[in-house]
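Take a look at the sequence and the model below. Then read on, one region at a time.

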Amino acid sequence: MATAPEVRPLPPRPRDDELDLFGITHPGRVRTSNQDQFLLCTVHPQVVVHGTSLADTSAITLRGERVATIMLVADGVGGSADGSEASRLATISVTEYFASAMKCWHTAGSASEHEFTAALREAAIEAHRRVKEQSAVQLDGRKMATTLSVGIIVWPWLYVIQVGDSRCYHFEDGQLRQVTRDQTLAQEMIDRGALTPERAHNSPLNHVLSSAIGADDAVPEISRVDVRKRGCITLVCSDGLTKHVSDDEIAAACERMTSSEQLCRTLLDLALARGGSDNITIVCGRALP
């Protein structure tokens with residue numbers, strides 16, 4: 001007889017003061033500028049008072065319960081000012097979409113979840129449109145592009161939007177999982193069995209993107225992870241970290257973490273000690289155990 005799948009109990013939603021969030025970005029030791037962008041924010045329904053006869057509005061609850069937590073990393077492509085502008089535009093575009101166009105936060109995790117994931121995909125496509133339009137206006141035909149990795153926690157689920165080769169990781173019970181799939185030519189060859197992961201690590205194709213915001217093709221991929229367990233870690237980073245720090249080392253650092261800030265700074269220091277050949281951006285979050 002087949003056994004029913006385990007149903008994980010749903011503990012209380014973490015309060016805002018129980019969230020441990022931190023983000024950091026660094027140009028590295030080689031690049032003269034930083035084309036990475038990150039965003040770490042929470043989304044709340046809010047009442048904006050435009051007029052009242054009340055002498056004091058402090059007794060009114062103006063901000064509602066947290067709807068979502070957003071962790072975003074965008075890595076501009078090409079090591080130029082164009083890459084910096086692309087990552088800036090993508091960050092602004094996605095955030096504006098979440099703030100103004102998202103009408104379906106309540107469908108996350110429900111039978112109508114496809115509405116939510118479709119909206120997440122459309123947010124990335126809108127960023128792609130905006131970057132391409134801006135490059136046509138500003139750059140006289142030249143292209144600018146950026147990666148985009150966004151973790152959106154609508155408790156108890158983590159949804160991840162992926163375009164490019166920045167990464168999102170999930171760490172729980174001593175195990176590190178790469179949630180995203182690198183959208184590179186090397187990974188495509190690995191998927192076809194034409195290249196081993198070991199050889200791909202040193203291949204020149206390892207950092208040639210097959211999909212990017214603002215490039216010829218942007219193919220957003222959406223993933224979902226259960227993050228209801230207190231203390232599990234979500235980490236989003238640019239490839240400036242993963243060029244120098246292995247998954248095993250990231251897992252070991254997560255095992256020893258004392259705070260999100262400590263973890264981000266430890267991983268940054270390790271990447272810099274290994275040469276810091278690229279811009280390095282790390283965003284980390286957890287609900288305190």
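This report covers a buried strand residue, a hairpin, a cis peptide bond and two pockets.

## About the model

This is a predicted model, where local features need pLDDT of at least 70 and side-chain atom pairs count only at pLDDT 80 or more, while totals for chains, interfaces and linings use all residues. Residues are numbered from 1 along each chain as its sequence is written, and side-chain values use heavy atoms, with hydrogens and water left out.

## A buried threonine

Thr69 sits in strand S3, residues 68-75. Strands (E, at least two residues) and helices (H or I, at least four) are DSSP runs, numbered from the N terminus. Thr69 counts as buried because its relative accessibility is 4%. Buried means under 20% relative accessible area, exposed means over 50%, and partly exposed is in between (1.4 Å probe, protein chains only).

Which residues does Thr69 touch, not counting those up to four places away in sequence? They are Leu19, Leu21, Cys41, Thr42, Gly151, Ile152 and Ile153. A contact here means heavy atoms within 4.5 Å.

## A hairpin and its turn

Strand S6 (residues 167-172) pairs with strand S7 (residues 175-178). The pairing is antiparallel and has 4 bridges. Two strands pair if DSSP finds at least two bridges between them. Glu172 has Gln175 in S7 as its bridge partner.

S6 and S7 form a hairpin with 2 residues between them. Asp173 lies in that loop. Its phi is positive, about 55 degrees, although Asp173 is not a glycine. Most residues other than glycine have a negative phi. Asp173 is exposed, because its relative accessible area is 55%.

## A cis peptide bond

The peptide bond from Trp155 to Pro156 is cis, with omega near 10 degrees. Most peptide bonds are trans. Pro156 is in the loop between strand S4 (148-154) and strand S5 (157-163).

## The largest pocket

The largest pocket has a volume of about 420 Å³. Its lining has 20 residues, and the closest to its centre are Arg167, Asp182, His201, Asn206 and Thr242. On a 1 Å grid over the protein atoms alone, a pocket is an open set of points with protein on both sides within 12 Å along at least five of seven lines; lining residues have an atom within 4 Å of a point. Grid points are joined across faces, edges and corners, and a volume is the space filled by probe spheres set on the points.

Helix H3 (185-191), helix H4 (197-201) and helix H5 (239-242) each supply at least two lining residues.

## The second largest pocket

The second largest pocket holds about 190 Å³ of space. It is lined by 15 residues, and Asp75, Gly76, Val77, Gly78 and Asp278 lie nearest its centre.

How values were computed
On a 1 Å grid over the protein atoms alone, a cavity is a set of points where a 1.4 Å probe fits but cannot get out, and a pocket is an open set with protein on both sides within 12 Å along at least five of seven lines; lining residues have an atom within 4 Å of a point.
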